[in-house]
Amino acid sequence: MNEAERLTKLQILRDDFQVFAPEMLKIMPKAGGSLVPFAFNKAQQYVHEKLEAQKAKTGKVRAIILKGRQQGMSTFVGGRFYWLSSMARGRKSFIIAHEQAASDNLFGLVKRYHDNNPLAPHTGTANAKELLFDRLDSGYKVATAGTRDVGRSATTQHAHLSEFAFWPNADLHLAGLGQTISDMPGTEIIIESTANGTGNSFHQLWQGAESGENEYLAIFVPWFWQDEYSADVPEDFELSSDDALYQKTYNLSLEQMAWRRNKIASFGRDREYLFDQEYPASAQ
């Protein structure tokens, strides 16, 4: 590859996360084992297209994502913000999770990206909470939504608010973060969470996004987009009338319905409502 080709390739990587991700980022498979390239699943592809469309229209990203468990949203947003911060100057990313263990996991994911990235920028600071790309004046920082003033002293261009429905003091956190991120092109705020009942800050923000009362783009990701959410169908497997209606409504296979039944059973008898919260088929 000559110098002109190298520069062209580098520009493509800077401009397109969908190209950057599988070539530069590695993830741990759900089943464990060796690291693999980060190729988008269906849910991640859908969210990527929605964010890019909003960015093309408004110059910035303001999005709220309602999803099920283990659909790769934190992996996606973590990768997106690592890409933005590691491929440009003066781009700070800030991730806040609902609890310390989740913060540690998310930072570990980003650190894995960095450690296995063949184009990783020079690192000035690397500890359990921060990656500072000193030659770019960019970086990636993580925190936990445990104190009332988290994020208020930060200056950042990208914020990832993970499992926001479970945050204490969520309104105060969001208000504080809103003052640290300018309303300028190139800035991004992505809020993602599974549901946690009604009336909380996440639910209210989602309703406002759906009705167009705020600037956030409402993005819903149903559980059945995950290929791995299927199971072998027992010989005596039969659907109740309610299950048959559910299957018809969402055009599901028997394998998906068998997986759903197994998951509901793991929650305990008469706990189907927990499946609908943890693995929603619709936002409603």
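Here are some questions and answers on how features of this predicted model earn their labels.

Q: How do you know how much confidence the predictor places in this protein?
A: Across the protein, pLDDT averages 90, and 95% of the residues score at least 70. Confidence is lowest in strand β5 (residues 125–126), with a mean of 70, and highest in strand β10 (residues 217–220), with 98.

Q: How do you know that the length of helix α3 agrees with its number of residues?
A: Try the ruler test. Helix α3 covers residues 42–58, which makes 17 residues, and at 1.5 Å a residue these should span 24 Å. The C-alpha atoms at its ends are 24 Å apart, so the two values agree.

Q: What makes one side of α3 a buried face?
A: Start with the residues that count as buried in this helix: Ala43, Gln44, Val47, His48, Leu51 and Gln54. Looking down the axis of α3, you would find these buried residues within an arc of 135°, so they line one face of the helix. A general point helps here: an α-helix has 3.6 residues a turn, so residues three or four places apart point the same way.

Q: Which exposed residues sit on the face of α3 turned away from its buried side, and what do the buried residues pack against?
A: The face turned away carries Lys42, Ala56 and Lys57, which are exposed. The buried residues of α3 pack against α2 (17–24), β3 (61–66), α4 (73–86), β9 (188–193) and β10.

Q: Why is Asn41 said to cap the N-terminal end of α3?
A: A side-chain oxygen of Asn41 lies 3.1 Å from the backbone nitrogen of Ala43. A polar contact needs N or O atoms within 3.5 Å, so this pair meets the distance cut-off. After α3 comes Gly59, with a positive phi near 85°.

Q: What makes Gln70 and Asn251 worth a look in the backbone?
A: Gln70 has a phi near 55°, a positive value in a residue other than glycine. Asn251, also not a glycine, has a positive phi of about 55°. Gln70 is in the loop between β3 and α4, while Asn251 is in the loop between α8 (241–250) and α9 (254–267).

Q: Are Gln70 and Asn251 buried or exposed, and how do you know?
A: The cut-off for exposed is over 50% relative accessible area. Gln70 has 57%, so Gln70 is exposed. Asn251 has 70%, so Asn251 counts as exposed too.

Q: Why is the pair Glu215 and Arg62 called a salt bridge?
A: The side chains meet at 3.8 Å, N to O. The cut-off is 4 Å between a side-chain nitrogen of Lys or Arg and a carboxyl oxygen of Asp or Glu, so the pair qualifies. Glu215 lies in the loop between α7 (201–211) and β10 and Arg62 in strand β3, so the bridge ties together parts that are 153 residues apart in sequence. In the whole structure, a search finds 16 salt bridges.

Q: What makes Glu215 partly exposed and Arg62 buried?
A: Buried means under 20%, and partly exposed lies between that and the exposed range of over 50%. Glu215 is at 44%, so Glu215 counts as partly exposed. Arg62 is at 3%, so Arg62 counts as buried.

Q: How do you know that Asp243 and Arg260 form a salt bridge, and where do they lie?
A: Their side chains meet at 3.1 Å, N to O, so they come within the 4 Å cut-off. The pair links Asp243 in helix α8 with Arg260 in helix α9, 17 residues apart. Asp243 has 13% relative accessibility and counts as buried, and Arg260 is buried as well, with 2%. Elsewhere, salt bridges that share partners join Lys67, Arg69, Glu163, Glu192 and Glu278 into one network.

Q: Why is Phe202 called buried, and what is Phe202 in contact with?
A: Phe202, in helix α7, has 4% relative accessibility, which is under 20%, so Phe202 counts as buried. Leaving aside neighbours within four places in sequence, Phe202 has contacts including Ile64, Leu66, Phe164, Ala165 and Ile191. The C-alpha atoms of Phe202 and Ala165 are separated by 4.9 Å, although the two residues are 37 residues apart along the chain.

Definitions and conventions. Residues are numbered from 1 along each chain as its sequence is written. This is a predicted model: local features need pLDDT of at least 70, side-chain atom pairs count only at pLDDT 80 or more; totals for chains, interfaces and linings use all residues. Side-chain values use heavy atoms; hydrogens and water are left out. pLDDT is the predictor's confidence in each residue, from 0 to 100. Helices (H or I, at least four residues) and strands (E, at least two) are DSSP runs, numbered from the N terminus. The expected span of a helix is 1.5 Å times one less than its number of residues. Buried means under 20% relative accessible area, exposed over 50%, partly exposed in between (1.4 Å probe, protein chains only). The arc is that of the directions from the helix axis to the C-beta atoms. Contact means heavy atoms within 4.5 Å. A polar contact is a pair of N or O atoms within 3.5 Å; within protein, one must be able to donate a hydrogen and the other to accept it, and residues adjacent in sequence count only if both atoms are side-chain atoms.
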